[in-house]
Amino acid sequence: RIDGRTIDYSHLKIQEGDPEPVPFSFLNEDKGLQLDQVPCHMAYTNPAAHQIILDNMHCNKHISEDVTAPRYCPSIESKVIRFKGKNHQIWLEPEGLETHTVYPQGLSCTLPIEHQQRLLKCIKGLENSSMVQCGYGVEYNYVDPRQLKPSLETKLVEGLFLAGQINGTTGYEEAAAQGIIAGINAALFVRNQDSFTLDRSEAYIGVLIDDLTTLGTTEPYRMFTSRAEHRLTLRPDNADMRLTEKGYSIGCVSDTRMKITQCMKERIENGLNLLRGIQFTPHAWKKELGINMKEDGVKKSALDMLAHNDVTLETL
């Protein structure tokens, strides 16, 4: 971490926040969400910084020892080795509105502290910066996740549920995904109720846990859309339709939230029925919408017409 008051922002590229922040939750009804925001800035590494890293690679435990490091959020040492001759982005991210601490995203490293300080001084805008906290690495062992049931209960020890890095994963979201399933099933276990699982077709949580418990992993596991064969239907905009009822059935969703979801589900179904009920011949649609389509004489519904690239709900 860096003291933001010691950074020269005048030579750095500014990155403002979203002008109209979008809330994550469907329950947030404040469409005009107003937030106090502070901008991020972008800096770059350079050959001088790379040389400091290369000259001290023998000090890097994660590079020199037989350790499998994360492939998808690599340290700056790993990036310098893998992508020779390239300068790497460093996002300077303020940690809050009431602190001067700045996180240099993309500069994580495990070099000795004196070399980390030299590294900072080589970077434009950070020549006079003050380091508040040095970077560090975490080395950990893990349980082969194939020893787990889909509920994340261990096969060998009844009633023991595991979640997070111990299962061979890396990342906050991956840990949280396992944590909620392990926590739910631990509670169901003490109540003598059936375990709760999600299928690969129902949620990315299902993909993650299925991958781990059936295939295992030889490197820190990260969840990607490319791992999911049902990725087109596993979207943020239909998460409530997919999962709210399941959560409600085991007591993890409130009555209020369930009612909101049921209301939304009913509105969506009414809208779909309305679109299905509006039907014209291709000739009529072509005339109304001014689009090119095959005139085969078979009536098409308004829902069918939404499959055309140039047709939206607004144009209909």
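**Entry 1: the second largest pocket**

I looked up which helix gives the largest share of the lining of the second largest pocket, and I found H7, with seven residues. The model I am reading is a predicted one. I then noted the helices that each supply at least two residues of this lining: H5, helix H6 (204-215) and helix H7 (239-249). In total, 29 residues line the pocket. I marked those that lie nearest its centre, namely Ala203, Ile205, Ala239, Arg242 and Leu243. For the space in the second largest pocket I wrote down about 1100 Å³. I sorted the lining by class and got 19 nonpolar, seven charged and three polar residues.

**Entry 2: H7 against H8**

I stayed with H7 and turned to its packing on helix H8 (residues 255-277). I noted an angle of about 145° between H7 and H8, with the axes 10 Å apart. I recorded the crossing of these two helices as left-handed. From H7, I listed Asp240, Met241, Thr244, Glu245 and Tyr248 as the residues that meet H8. On the H8 side I listed Asp255, Arg257, Met258, Thr261, Met264, Lys265 and Ile268. By class, I have five nonpolar, five charged and two polar residues in the contact of H7 with H8.

Next I looked at Ile250, which sits in the loop between H7 and H8. Which residues does Ile250 contact, leaving aside its neighbours within four places in sequence? I found Ile184 and Phe196. I also took the C-alpha separation of Ile250 and Glu127, which is 55 Å, with their positions 123 residues apart along the chain.

**Entry 3: the loop between H4 and H5**

I looked up several residues of the loop between helix H4 (113-121) and helix H5 (172-190), among them Asn167.

Is Ile123 buried or exposed? I have Ile123 as buried, because its relative accessibility is 0% and the cut-off for buried is under 20%. Ile123 belongs to the loop between H4 and H5. Apart from residues within four places in sequence, I found Ile123 in contact with Ala43, Tyr44, Asn46, Ile90 and Leu107. I noted 64 Å between the C-alpha atoms of Ile123 and Ala284, which are 161 residues apart along the chain.

Lys124 is also in the loop between H4 and H5. I listed its contacts, not counting residues up to four places away in sequence, as His11, Leu12 and Ala43. Ala43 is a contact of Ile123 as well. From Lys124 to Ile52 I noted 15 Å, C-alpha to C-alpha, and 72 residues in sequence.

I placed Leu152 in the loop between H4 and H5 too. I wrote down a positive phi of about 75° for Leu152, although this residue is not a glycine. Leu152 has a relative accessible area of 1%, so I entered it as buried.

For Asn167 I noted a relative accessible area of 0%, which means that this residue is buried. What does Asn167 touch, not counting residues up to four places away in sequence? My list has Tyr142, Val143, Pro145, Leu148, Leu152, Leu162, Gln178, Leu212 and Thr217. Leu152, with its positive phi, is thus a name I met again here.

**Entry 4: Asn192**

I moved on to the loop between H5 and H6, where Asn192 has its place. Asn192 is not a glycine, yet I recorded a positive phi of about 60° for it. Is Asn192 buried or exposed? I entered Asn192 as exposed because its relative accessible area is 73%, and the cut-off for exposed is over 50%.

**Entry 5: Pro74**

My last residue was Pro74, in the loop between helix H2 (61-64) and helix H3 (76-82). I read a relative accessibility of 17% for Pro74, so this residue counts as buried, the cut-off being under 20%. Leaving aside neighbours within four places in sequence, I found Pro74 in contact with Lys79, Arg82 and Ser108. Pro74 and Ser108 are 34 residues apart along the chain, and I noted 7.9 Å between their C-alpha atoms.

How values were computed
Residues are numbered from 1 along each chain as its sequence is written. This is a predicted model: local features need pLDDT of at least 70, side-chain atom pairs count only at pLDDT 80 or more; totals for chains, interfaces and linings use all residues. Side-chain values use heavy atoms; hydrogens and water are left out. Helices (H or I, at least four residues) and strands (E, at least two) are DSSP runs, numbered from the N terminus. Buried means under 20% relative accessible area, exposed over 50%, partly exposed in between (1.4 Å probe, protein chains only). Contact means heavy atoms within 4.5 Å. On a 1 Å grid over the protein atoms alone, a cavity is a set of points where a 1.4 Å probe fits but cannot get out, and a pocket is an open set with protein on both sides within 12 Å along at least five of seven lines; lining residues have an atom within 4 Å of a point. Grid points are joined across faces, edges and corners, and a volume is the space filled by probe spheres set on the points. Ala, Val, Leu, Ile, Met, Phe, Trp, Tyr, Cys and Pro count as nonpolar, Asp, Glu, Lys and Arg as charged, and the others, Gly among them, as polar. Axes are lines fitted to C-alpha atoms, for helices over the stretch in contact, and angles run from 0 to 180 degrees between N-to-C directions. A crossing is left-handed if the near helix is turned anticlockwise from the far one by less than a right angle, and right-handed if clockwise.
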